[in-house]
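Subject: A structure for you to look at

Dear colleague,

I am passing on a structure that I would like you to open alongside this message. Please keep it in view while you read the notes that follow.

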Amino acid sequence: MPIFAFAEDMVWNEAADAVEFEVTVGDYVGTCRVPRRELRRFEGTMPRAERAVELCHLNRSILERVVEAKIRARALDADGHLTVTGRDLARIGQPQSGTVE
């Protein structure tokens with residue numbers, strides 16, 4: 001059973017060059033960011049914004065495990081949010097690169 005709630009909506013943040021979504025743990029609500037450069041692991045190329053969001057949806061289970069591990073380890077950024085790194089993704093599993101239907 002997850003220790004957090006994982007938001008359904010994922011959005012592109014142009015300023016951060018990352019896909020973002022909310023993560024809720026008890027009363028805490030934070031933002032998780034998945035930088036575009038880390039999404040290269042999913043396809044081997046730098047995805048466009050729309051494809052980056054799609055890849056995050058396709059790999060939701062991997063992102064859920066990454067977020068849970070980071071929360072358990074209290075590995076928050078200085079601003080209290082989470083950023084998924086390539087190292088995080090490598091620890092968790094194989095990504096999918098299909099399409100969302």
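A good place to begin is Asp17, which sits in the loop between E2 and strand E3 (18-25). Please bear in mind throughout that this is a predicted model. Asp17 has a relative accessible area of 31%, and because that value falls between the 20% and 50% limits, the residue is described as partly exposed. Its backbone also deserves a look, since Asp17 shows a positive phi of about 55 degrees although it is not a glycine. As background, most residues other than glycine have a negative phi.

Arg74 can be read in a similar way: its phi is positive, at about 55 degrees, and it is not a glycine either. You will find Arg74 in the loop between helix H3 (60-72) and strand E5 (82-83). With a relative accessible area of 71%, Arg74 is exposed, because exposed means over 50%.

Next, please turn to Val11, which belongs to strand E2 (residues 11-13). Its relative accessibility is 43%, so Val11 counts as partly exposed. If its neighbours within four places in sequence are left aside, Val11 is in contact with Ala18, Val19, Glu20 and Val53. Val11 and Glu54 are 43 residues apart in sequence, while the distance in space between them, from C-alpha to C-alpha, is 9.8 Å.

Is Glu38 buried or exposed? Glu38 counts as buried, because its relative accessibility is 14% and the limit for buried is under 20%. This residue is found in the loop between strand E4 (28-35) and helix H1 (40-43). Not counting residues up to four places away in sequence, Glu38 touches Val84, Thr85, Gly86 and Leu89.

Finally, here is the chain as a whole. The protein chain has four helices and five strands, and from the N terminus on, these elements run in the order β-β-β-β-α-α-α-β-α. Of the 101 residues in the protein chain, 45% are buried. Among the contacts in the protein chain with a separation of 6 or more, 54% are accounted for by residues 24 or more positions apart. The protein chain exposes about 6000 Å², and carbon and sulfur atoms supply 47% of that area.

With best wishes

Definitions and conventions: Residues are numbered from 1 along each chain as its sequence is written. This is a predicted model: local features need pLDDT of at least 70, side-chain atom pairs count only at pLDDT 80 or more; totals for chains, interfaces and linings use all residues. Side-chain values use heavy atoms; hydrogens and water are left out. Helices (H or I, at least four residues) and strands (E, at least two) are DSSP runs, numbered from the N terminus. Buried means under 20% relative accessible area, exposed over 50%, partly exposed in between (1.4 Å probe, protein chains only). Contact means heavy atoms within 4.5 Å. Accessible areas come from the Shrake-Rupley method with a 1.4 Å probe; for residues, only the protein chains shown count as cover.
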